[in-house]
Amino acid sequence: EEGVRVALLARTGAALQAAANEIHAATGTTVLALPTDIRDAAAVVTSVERARAELGPLHILVNNAGVNGPVAPVWEYPLDAWDRVLAVDLTGVFYCCRVAVPAMRAAGYGRIVNVSSITGKEGSAGIAAYASAKAGVIGFTKSLARELVQSGVLVNCIAPVITETDLFREMTQDHI
């Protein structure tokens with residue numbers, strides 16, 4: 001109703017296009033699906049530049065990409081999984097904000113919503129990487145909000161409780 005045009009960035013092309021089609025069908029909104037690995041800073045830049053070129057100025061950014069990683073105690077947690085979880089859940093948020101903020105500042109307007117988790121506030125046994133990354137998102141959001149306080153760009157973070165999403169596939173029933 002407000003004329004918003006949407007760019008969706010995600011790693012999975014087929015699911016991404018399906019989500020774009022569903023949003024368009026339900027709302028009539030223009031939706032651009034951009035397969036992007038947000039762990040790759042250059043890929044984020046390329047996708048955001050394409051979105052701006054095709055859709056216009058960036059006014060709203062929602063960072064909600066996330067992976068849970070394996071459920072394991074810290075002393076058994078695979079090193080590659082730790083790196084992957086932090087790269088997607090925290091570093092990806094940084095990359096997306098780093099690209100979006102300059103244009104928002106220049107326009108004197110922007111809205112950023114970073115999605116964390118209650119686990120980032122409370123911790124959770126077996127998913128220390130996820131909890132650490134989501135705690136980092138909370139701290140990052142507070143820092144960025146303070147940096148932008150005079151700019152017209154508002155930065156907020158939400159920390160929902162566990163919700164049945166694709167992350168459930170990465171968890172054991174005992175953990176859930």
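**Close-up views of a predicted model**

**View 1. Asp 37 and Arg 39 are joined by a salt bridge.** Asp 37 is partly exposed, its relative accessibility being 25%. This residue belongs to a predicted model. Its partner in the salt bridge is Arg 39, and the closest N and O atoms of the pair are 2.8 Å apart. Arg 39 is likewise partly exposed, at 34% relative accessibility. Side chains of opposite charge can pair when their charged atoms come close.

**View 2. A salt bridge links Arg 50 and Glu 54 within helix α2.** The structure holds two salt bridges; in the one shown here, the side chains of Arg 50 and Glu 54 meet with an N to O distance of 2.7 Å. Both residues lie in helix α2 and are four residues apart, which corresponds to about one turn of the helix. Arg 50 counts as partly exposed, with 39% relative accessibility. Glu 54 is also partly exposed, and its relative accessible area is 46%.

**View 3. Ser 47 occupies a buried place in helix α2.** Helix α2 spans residues 41-55 and includes Ser 47. The relative accessible area of Ser 47 is 7%, so this residue counts as buried, for which the cut-off is under 20%. Beyond the residues up to four places away in sequence, Ser 47 touches Leu 9, Leu 34, Pro 35 and Thr 36.

**View 4. Strands β1 and β2 run parallel.** Strand β1 comprises residues 6-10 and is joined to β2 by five bridges. At one position of this pairing, Ala 10 stands opposite Pro 35 in β2. Between the two strands the chain passes through helix α1 (residues 13-27), and the resulting β-α-β crossover is right-handed. Strand β2, formed by residues 31-35, is mostly covered, as four of its five residues are buried.

**View 5. Three parallel strands form an open sheet.** The order of the strands is β3-β4-β5. Strands β3 (60-63) and β5 (153-158) are the edge strands, each pairing on one side only. From one strand to the next, the twist averages 10 degrees. Strand β4, residues 110-115, pairs with β5 in the parallel sense over six bridges. Within this part of the sheet, Val 115 stands opposite Ile 158 in β5.

**View 6. Helices α3 and α5 lie across strands of the open sheet.** Helix α3, residues 79-107, lies across β3, β4 and β5. The direction of helix α3 is at about 170 degrees to β3. Helix α5, residues 128-147, lies across β4 and β5, and runs at about 160 degrees to β5.

**View 7. Cys 97 and Cys 157 are shown in a structure with zero disulfides.** A disulfide is a covalent bond between the sulfur atoms of two cysteines. For Cys 97, the closest cysteine sulfur is that of Cys 96; the distance is 7.1 Å, and therefore too far for a bond. Cys 97 is buried, with 1% relative accessible area. For Cys 157, the closest cysteine sulfur is in Cys 97, but these sulfur atoms are 10 Å apart, so they are too far from each other for a bond. Cys 157 is partly exposed, its relative accessible area being 28%.

Terms used:
Residues numbered from 1 in each chain as written. Predicted model: local features only at pLDDT ≥ 70, side-chain atom pairs only at ≥ 80, totals over all residues. Heavy atoms only, no water. Buried < 20%, exposed > 50% of the residue type's maximum accessible area, 1.4 Å probe, protein only. Contact = heavy atoms within 4.5 Å. Pairing = 2+ DSSP bridges. Axes fitted to C-alpha atoms, helices over the stretch in contact; angles between N-to-C directions. Right-handed = clockwise from strand over helix to strand, strands pointing away. Salt bridge = Lys/Arg side-chain N within 4 Å of Asp/Glu carboxyl O. Disulfide = S-S within 2.5 Å.
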